[in-house]
Structures are given as structure tokens and as C-alpha cells.
Amino acid sequence: SAQPNPSMSLDPTLKTLLQGVDLSVSSHQKRTVEEVRSRPLRELESFQIEQGDVPYHNMDDEENVLNESAQAREDRKSPAARFGSSGVGAVTLPAELQRAIASLINDSDKSQLHSDAKRLFLDEVGARSSWDAAYDVKYKSRKQSYRHATRDATAFASVILPLHYSAIYAVFHHLKHRLGRTWNVQRVIDWGAGTGSGLWAALNAFRGNLTSGEAGSLVSDSSITSYVGIDKRDGLVGIGKELLQRTGSGSLSVTWRKAFHESDRIDRADGQNTVALSAFMLSSLPSQLSKKRMVKDMWESGAHTIILVDFNTKAGFENVAEARQLLLDLGCKDLQDPRSQHFSFRGSHVVAPCPHDRPCPLYQPGESRLACGFSQRLQSPTFLRRTKHVKEGYEDIGYSYVVVQRGSRPDIVAEPVGRVGAVGKEAMEREARARTAMLRELKRADEHQHGAQSASGVDVETENQRLQVQSGTLPAAQISMTDLEEALRREAYRWPRLVFPPLKKSGHIIIDACTAEGKIMRLTIPKSQGKQPFYDARKSSWGDLFPHPPKNRPVERFQSAQSDNGNSPMRGDDIGKRAKGRDKHRKAEGRSYEAVDAKIREEKRKGSRKEL
């Protein structure tokens, strides 16, 4: 039979401790809510409210505090700098489009989808690998095209569509900010529509103001009523149709064509609410002739606004620069054409990113060393990370673009406005207080010396008012917000555009910008120029418009033709970055001990040869 375990001999101290634990457990009784509320709360003790939940943090209040602090930081900029630096931030794909692409992926073979994505868009060079956003697939036969078109288009929608969407949406967002609320788009003609990235970007960018009620669908809330997608790639167009079918087109009129037809043209008088768009299509066209034909079709479509987007590469930038020049040339011909005299908008001008209509200073046909482009960040959706098998929650896409509108360039505003923000006002208030104190001391000294009647005749209030007028605060205060925004909108057509990230130092900010003179100029904004210009320059970013003129004369940065041997660097190849002591290093090399020793040895060697 089983015998019980023998009793253990415990230490007397451990016995006492266990007895104390037993007594505390047996004497414990559950307290009522009233008893808990009657005693004072201990530190870090949760307080239970009547509903039963414990509010550790009020997330809404915390978010409001963060928004208020961000708005306070933004208000420290001048109104002109805020207008020039209104960026979209990180772009998020619309929820409806995410669900449509996710359902499309769920209906496909995921392992095969990953293999197709790697085959099409992954560049493996040595140990490094990078994802390419270009799509230039060429099939050997029609049978192979039929077999792979749908698979490749699904991979395109899973990997590339979100990136293309973010770039196009950033351009639309910038245009809405620059052209104002009166610019309302209802019709989009998209060359190289693909899977419809331009359609989704336009639908989301031109959504109405949802001031009351719940938000409806993306299609119903947008001002876009008509969309014409032009693309010969059947696989991409098929996936674009399927995505639109999964979300529902509603009352939106969508037409897909393989070429632009005469029936799609609209009268120029009715084209103010029409946009002609081509995103990442120029690089895929085989010849210069086909590119020019597409740009001419966009001009002859009757659309008032023409947008071209391509990759931020030298080839993509040259495509955009050539299309830009062609549209400006077509605008000049339109001015000289007597048949267009009855039109209210004649000619053409560049809205963005260029502050001028002159030839691009960075463009050198076939030899461009630098590309005028920008970058947009995308918050990677879940299906994108899973398809690529990556962990990063964001991706950046570089793009180069140009926006051309019909009509002449807006007139220049006579007086600049909106150059003083919170930083400038604080500096002026400190200066006014110091000046007031000084004037009062002078007045008190004059009264003490000459009696009650002041000999200097200095009026403190008049002097302060004169200081405010010189600082520009009174004109800004007298203008309404609507007039101020309209004045800034017209001024912005000539503000320098940061085509490279600014170089920020402790005492000065260096900006390489494209100016209204059609040149790349280096603007230096020192601290001595003023607190507001220096603050605005320090908070500026790549792609912003900078409203303040520099204190010192700007230096032109240009690129001359490359030398015949091709080894010597081009002047201006340090645009957008420091020279990094290039000349200093050369001088330092000549002053080093090794260089001096080698020079002395060479001179001795030459002298000995002459003696022989």
C-alpha cells in the first residue's frame, strides 16, 4: 500500500512567514465600491468610474495637444513660407483601394505573386538588391503575353500601383494648394493609365468637403465625373477594370481606350475643368517621335491643365524637360495663330515646379548630369510588405514632373506680403520694447536737463508706429486672409524652388534653387538677415518655394560642357551639396610632408641631371 510522504523539517523562520501569509489570506475580504472611494487612493492606483472602465489616458486630448503643438510650430513660420512649404507628408492609400487590392491578392497564388514581383521589379546587383518602379515588360509572343499578362498586372497592382499613386497624389495636392479652391477638376484624360493609379489619385485628391454627415464612397464624394484611360497594355487595363469593379464606379463615367480618338477632344472654352495626365509613361515609349506625338495629343485634347510625371532619373528628367519645352513652343505658336484670337486663354505657362518659362538650366540633351526631381513617401500597406517580404513600413519614390496651363503667366504682385510670422513678431516686439525704453530714457533726460518741455521732441508712440510700418506688420494686419492668400498665390509664380535639399549650418543656410531668371542660384541666408528669414530657411525642405530674397548677392551655379578627355569634373557638379573642401584638399595635398618631400626629391633629381 502507498505510504504518505514523510513530513519535512522546515526552518522556524520559514514557518513563521508561511503562517503570516495564511493569516493575511484568510482575513482578506472584498471591499465595496463605497469603501474603496472612502479611503484615499494610493499612488499609481487605478480609479474605477461608474461605467466600469479605467481611463488611463485620454487619447483624444493627447492627439489634440499634439496637433496644437504642431500648429503652433507651423505658425512660427511667416504666412509666405507656410504657403510655399505646404507638403502632403506621407501618403496613405485609400481604404477602398486597399481592400480591393487585398481581395485581388487573396484570389491569386501568393507564392507565385511574390515570384512574379521579384522577376519584374527586383534588381539584384551583387549583394545589394533594390526594387524598381519601372514597368517595361516585353513578351516574345502573343501566346506568352496572354499567359503572363494577368499575372504581371496583378504583381504591378500589388507593388507599383501604390508608389505611382503617391507621386501623382502629391502633384495633385500641390496644384490644389497653388491654384486655390476655384480650380475644380471634373474630367481626367490619362495617357498610360495602366491599372488606374491616376484615376484613384484624382478621386482622392478632389474629394468634396465633408462638413456634415458620414463620408460616403471615394467615387461618390469626388468631383471627378468623367475619366478616359488610354493604354494599349491589356493586362494592366484588365486589372484596372477589376479594381474599379470591386469598389464600384457609381455615377462615374469611365472609358478605356487603346488610343486617343477625335471624339475624346473637347472645346478649349470648356476645358478649364479638364486635366490631361501622363504619369510614368514617357520612359516606356520606344522613340522620341512617339513621345512628341503623345505630348501633342495632350495639347490638342483641349484640356486646360497638362501634367506630366516621370521617374527621378536622368532619362526621366530629360523626358519631362523635353515635353515641357515642346508645350511652351506649342503655346508660342498658339499666340501667333490668328485662328486662336477668339479664345480667352492663349499661349502656355509653367505652373510647377519651375518659377519661369525659360529653358531648363539643368537640361542638357543626352548629357544631363543632374536631374530636377523630388521625393514622396508612402506608408506601405500590409499587402505591399507581404508581397515584397519586407519589414519597412514606408517607401520613397522619386519623380520628376511639370504642370503646364494654357494662358499667359500671372502678373507680379507689386508689394510682397506675409513675410512676418510669430518669430518675426516676437523679434519686433523685443526691438520695440528696447527702443521704447531707450526713447523714454532720452525723453526723461531731456526733461531733466531742459525742464518740462522736451528739447528733442521725440514722440514714443509715433516712433513705435514708424517701426511697425518699416517692419511690414501694419500692411499684413490690414489685409484679409482671402486677399493675403490670393496675393501669395500670385507671388509664388516667381519664388525660387528648392531643387535640392538645403544645407543647414549653425550660422547660415545654403539653398540651391531654380529662380525666376531661369538659373540655378545659390542663396545664402545668414542669421544676420533677420530671425524670420533665417527661421523660414532653416525649416525649409526639398521642393519648397522660398519667399525671402537673400541678404547677399546670389551666386549662379551652372554646368558647362564637359572636357574632351571626360576626366575633369564639370563646373557646377557640386550643385545641391557642399564642395566638401575640394579645392582645400588639393591645396592641403600640396602642403603635406609627403608632397613637400616628393617635390624636393624631384627638384634634386632634375638638378643632378642638369649637372651631368
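What volume does the second largest cavity have? About 50 Å³, as the view of that cavity below shows. Everything here comes from a predicted model.

**Figure 1. The whole chain, before we zoom in on its 612 residues.** The protein carries 21 helices and 15 strands. Buried residues come to 41% of the 612 in the protein. Look at the contacts with a separation of 6 or more, and 73% of them turn out to join residues 24 or more positions apart. A search through the whole structure turns up two cavities of 30 Å³ or more, and both get a view of their own.

**Figure 2. Close-up of the second largest cavity, about 50 Å³ in volume.** One part of the lining is Lys77, Ala81 and Ser85. The rest is made of Asp536, Lys539, Ser540, Asp544, Leu545, Phe546 and Pro547. Sorted by class, that gives four nonpolar, two polar and four charged residues.

**Figure 3. Close-up of the largest cavity, with about 150 Å³ of space inside.** Here 18 residues form the lining, and Phe317, Pro353, Cys354, Cys360 and Cys372 are the ones nearest the centre. Two elements give two or more residues each: helix 13 (314-336) and strand 10 (394-406). Helix 13 has the largest share, with four residues. By class, the lining of this cavity splits into 15 nonpolar, one polar and two charged residues.

**Figure 4. Close-up of the largest pocket, at about 1,100 Å³.** The lining of this pocket takes in 32 residues. Nearest the centre sit Asp231, Lys232, Arg233, Met281 and Leu285. Helix 7 (142-159), helix 11 (234-247) and helix 12 (288-300) are the elements that put two or more residues into the lining. Helix 7 gives the most, six residues. As for the chemistry, count 15 nonpolar, seven polar and ten charged residues around the pocket.

**Figure 5. Where helix 6 (residues 110-121) crosses helix 7.** The two axes come within 9 Å and cross at roughly 85°. That angle falls between 65 and 115 degrees, so helix 6 and helix 7 count as roughly perpendicular to each other. On the helix 6 side, the residues in the contact are Gln112, Leu113, Asp116, Ala117, Arg119, Leu120 and Phe121. Helix 7 meets them with His148, Arg151, Asp152, Thr154, Ala155, Phe156, Ser158 and Val159. By class, the contact holds seven nonpolar, four polar and four charged residues. Helix 7 is also the element that gives the most to the lining of the largest pocket.

**Figure 6. The buried residues of helix 18 (residues 481-491).** Pick out Leu484, Ala487, Leu488, Arg489 and Glu491 in this view, as these are the buried ones. What covers them includes helix 4 (79-84) and helix 8 (161-179).

**Figure 7. Ser375 and its surroundings in strand 9 (residues 374-379).** Is Ser375 buried, exposed or partly exposed? With 36% relative accessibility, Ser375 lies between the 20% and 50% cut-offs, so Ser375 counts as partly exposed. Leaving aside residues up to four places away in sequence, Ser375 touches Asp396, Ile397, Gly398, Tyr399 and Trp542. Also worth finding is Ser166: Ser375 and Ser166 are 209 residues apart in sequence, with 9.9 Å between them in space, C-alpha to C-alpha.

Conventions. Residues numbered from 1 in each chain as written. Predicted model: local features only at pLDDT ≥ 70, side-chain atom pairs only at ≥ 80, totals over all residues. Heavy atoms only, no water. Buried < 20%, exposed > 50% of the residue type's maximum accessible area, 1.4 Å probe, protein only. Contact = heavy atoms within 4.5 Å. 1 Å grid on protein atoms, 1.4 Å probe; cavity = no way out; pocket = protein on both sides within 12 Å on 5 of 7 lines; lining within 4 Å. Points joined across faces, edges and corners; volume = space filled by probe spheres on them. Nonpolar A, V, L, I, M, F, W, Y, C, P; charged D, E, K, R; others polar. Axes fitted to C-alpha atoms, helices over the stretch in contact; angles between N-to-C directions. Parallel < 35°, antiparallel > 145°, perpendicular 65-115°, else oblique.
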